[in-house]
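I opened my notebook for another look at a fold, with a fresh cup of coffee at hand. Here is what I looked up, in the order I got to it.

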Amino acid sequence: MNRKELLRSLKFLLFSLSAGVIELGAFSLLHELTAWSYWPCYLIALTLSVLWNFTLNRRYTFQSASNVPKAMALVFAFYCVFTPTSTWLGHYLADVLGWNEYLVTVINMAANFVLEFLYDRFVVFRDSLDTNSLARKEKK
């Protein structure tokens with residue numbers, strides 16, 4: 001792995017950690033302050049973290065000047081698969097098997113981190129890496 005890709009991975013990790021704080025915070029508030037089951041708390045928290053993570057990673061990690069609606073549509077496609085799968089799995093583990101809701105959320109977050117990085121890097125931003133104004137400034 002070259003230095004640029006290592007730095008890109010570290011940025012993704014840091015932004016994902018900040019998104020994780022948002023997701024866990026939102027999940028905790030909803031879980032503790034409402035009588036809702038696992039899945040609505042998880043879906044709302046996931047949506048908030050995805051919006052945060054997409055915005056920061058597009059600009060700073062992948063430094064993409066790509067068409068934002070197209071990139072968002074591709075990320076939406078990822079979440080059309082990931083969200084139902086992780087929601088069902090979370091519901092099954094937390095509500096059916098009785099696993100701790102926070103443990104289940106952390107497992108889903110870890111899977112999301114790995115899968116989304118790979119998808120963003122090799123699908124969403126593969127043709128537009130390092131094309132925004134930040135990347136152009138770095139090349140000078």
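My entries follow, starting with the core and ending with the ring pairs.

**Core.** I kept in mind that this is a predicted model. I asked for the largest nonpolar core and got one of 25 residues, with Tyr 79 and Phe 125 having the most contacts inside it. Helices H1 (3-33), H2 (38-61), H3 (68-96) and H4 (101-124) each give two or more residues to this core.

**Phe 125.** Next I listed the contacts of Phe 125, leaving aside neighbours within four places in sequence. The list holds Phe 54, Arg 58, Phe 62, Ser 64, Ser 66, Ala 71 and Asp 120. I also found Phe 125 in a cluster linked by ring pairs, together with Phe 12, Phe 54, Phe 62, Phe 113 and Phe 117.

**H1 against H4.** I then looked up how these two helices pass each other. Their axes come within 10 Å and cross at roughly 145°, and the crossing of H1 past H4 is right-handed. Sorting the residues of this contact by class gave me eight nonpolar, six polar and eight charged.

**Gly 25.** While on H1 I stopped at Gly 25, which lies in that helix. Its relative accessible area is 31%, so I noted Gly 25 as partly exposed. From Gly 25 to Ala 45 I read 7.9 Å, C-alpha to C-alpha, across 20 residues of sequence.

**Positive phi.** Which residues other than glycine did I note here? Gln 63 has a positive phi of about 45°, and Asp 130 has one near 55°. Gln 63 sits in the loop between H2 and H3, whereas Asp 130 is in the loop between H4 and helix H5 (133-139). Both came out buried: Gln 63 is at 2% relative accessibility and Asp 130 at 15%.

**Ring pairs.** How many aromatic pairs does the structure hold? I got 15, and wrote down two of them. Phe 27 and Tyr 102 have ring centres 5.5 Å apart and planes at 90°, so I logged the pair as edge-to-face. Phe 27 belongs to helix H1 and Tyr 102 to helix H4, so this pair ties together parts 75 residues apart in sequence. Phe 27 is buried at 1%, while Tyr 102 is partly exposed at 26%.

The rings of Trp 88 and Tyr 92 also have centres 5.5 Å apart, but their planes are at 10°, so that pair is stacked. Trp 88 and Tyr 92 are four residues apart in helix H3, about one helical turn. I noted Trp 88 as exposed at 55% and Tyr 92 as partly exposed at 33%.

Conventions. Residues numbered from 1 in each chain as written. Predicted model: local features only at pLDDT ≥ 70, side-chain atom pairs only at ≥ 80, totals over all residues. Heavy atoms only, no water. Core = buried A, V, L, I, M, F, W, Y, C linked by side-chain atoms within 4.5 Å. Buried < 20%, exposed > 50% of the residue type's maximum accessible area, 1.4 Å probe, protein only. Contact = heavy atoms within 4.5 Å. Axes fitted to C-alpha atoms, helices over the stretch in contact; angles between N-to-C directions. Left-handed = near helix turned anticlockwise from the far one by under 90°. Nonpolar A, V, L, I, M, F, W, Y, C, P; charged D, E, K, R; others polar. Phe/Tyr/Trp six-rings, centres within 6.5 Å; stacked < 30°, edge-to-face > 60°.
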